[in-house]
Every structure is written in structure tokens, then in C-alpha cells.
Amino acid sequence: MPYFGGGGGNMGAMPAGNVPASAEEEKKPEKTNFDVKLEKFDASAKIKVIKEVRSFTSLGLKEAKELVEKLPATLKQGVGKEEAEQIVEKLKAVGATAVLE
């Protein structure tokens with residue numbers, strides 16, 4: 001009896017149009033937690049910077065002064081983007097240079 005099976009042909013060679021590109025799969029998730037790092041400040045604004053550091057940390061006067069004096073220093077870790085940007089803006093307003101990492 002002869003075999004008249006249908007199909008079979010070239011089933012292994014399917015077009016690759018539905019396969020996502022590897023670059024799309026490797027999208028990095030957007031960073032949500034940031035560190036605020038104080039890099040430098042104007043010497044005449046040291047007291048203002050110390051007061052500002054104390055306003056958003058739970059440090060005492062002595063600890064805040066020591067932190068500000070040993071630059072570069074990380075002031076806050078793992079904060080949200082909006083809060084981190086507000087801290088950086090406040091520090092810039094008193095004469096300091098701060099960055100988000």
C-alpha cells in the first residue's frame with residue numbers, strides 16, 4: 001500500500017519573524033533607588049551644608065560635621081528618585097555639589 005501522507009515537507013524551517021530580538025530581551029529595568037553623594041561644597045557655605053545635611057538625616061551636629069568634612073561622602077542610600085532629586089536641589093541651593101548614583 002503506497003503512503004500518501006500529507007505535510008511532512010519542510011516543517012523545520014519556520015520563519016523567525018515572531019522571535020524577539022535579544023536586545024529587546026535584555027532591557028535594563030529602570031533604576032528606582034538612588035544614593036545621594038556629596039562631592040564638594042563652597043568653604044563659606046560649610047555651616048549651611050551641615051545644617052541641610054542634618055535636616056534630612058538623623059545625624060547629630062558632630063556626626064553631620066564629620067560627614068561633611070570627609071568628602072566625597074554618601075549622605076543617603078536607597079531613596080526614591082523624587083526624594084533624592086529634592087535633596088540634591090536643597091544642597092545645591094546652599095552651595096554644595098551633590099550627585100545621584
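Lys76 has a relative accessible area of 22% and is therefore partly exposed. On this scale, buried means under 20% relative accessible area, exposed means over 50%, and partly exposed lies in between (1.4 Å probe, protein chains only). The model is a predicted one: local features need pLDDT of at least 70, side-chain atom pairs count only at pLDDT 80 or more, and totals for chains, interfaces and linings use all residues. Residues are numbered from 1 along each chain as its sequence is written, and side-chain values use heavy atoms, with hydrogens and water left out.

**Exercise 1. Find the acidic partner with which Lys76 forms a salt bridge, and say how exposed that partner is.**

Step 1. Start with the criterion: a side-chain nitrogen of Lys or Arg within 4 Å of a carboxyl oxygen of Asp or Glu.

Step 2. Lys76 meets this criterion with Glu83, where the closest N and O atoms are 3.6 Å apart.

Step 3. Glu83 has 37% relative accessibility, so Glu83 counts as partly exposed.

Step 4. Elsewhere, salt bridges with shared partners link Lys46, Lys65 and Glu69 into one network. That network is your next exercise.

**Exercise 2. Which partners does Glu69 have in its salt bridges, and where do they lie?**

Step 1. Count first: the structure holds four salt bridges.

Step 2. One of them joins the side chains of Glu69 and Lys46, at 2.7 Å from N to O. Because Glu69 lies in helix α3 and Lys46 in helix α2, this pair ties together parts that are 23 residues apart in sequence. Helices here are DSSP runs (H or I, at least four residues), strands are runs of E (at least two), and both are numbered from the N terminus.

Step 3. Another links Glu69 to Lys65, with the closest N and O atoms 3.0 Å apart. Both residues belong to helix α3 and sit four residues apart, about one turn of the helix.

Step 4. Check the exposure: Glu69 is partly exposed at 41%, as are Lys65 at 39% and Lys46 at 27%.

**Exercise 3. Which residues of α3 are buried, and what covers them?**

Step 1. The buried residues of α3 are Ala64, Leu67 and Val68.

Step 2. These residues lie on the same side of α3, because they cover an arc of only 95° around the axis. The arc is taken from the directions that run from the helix axis to the C-beta atoms.

Step 3. Their cover includes β1, α2 and β2.

Step 4. Val53 touches Ala64, Leu67 and Val68, and also Leu75 and Leu91, leaving out residues up to four places away in sequence. A contact means heavy atoms within 4.5 Å.

**Exercise 4. Place Val36 in the largest nonpolar core and in its strand.**

Step 1. A nonpolar core is a set of buried Ala, Val, Leu, Ile, Met, Phe, Trp, Tyr and Cys residues joined through side-chain atoms within 4.5 Å. The largest has 21 residues, and those with the most contacts inside it are Val36, Val49, Val53, Leu75 and Leu91. Among the elements giving two or more residues to this core are β1 (33-41), α4 (81-93) and β3 (96-100).

Step 2. Val36 belongs to strand β1 and counts as buried because its relative accessibility is 0%.

Step 3. Beyond four places in sequence, the contacts of Val36 include Leu75, Val88, Leu91 and Val99.

Step 4. Look at the neighbouring strands: five bridges join β1 to β2, which run antiparallel, and five bridges join β1 to β3, also antiparallel. Strands pair if DSSP finds at least two bridges between them. Asn33 has Gly80 in β2 as bridge partner, while Phe41 has Ala96 in β3.
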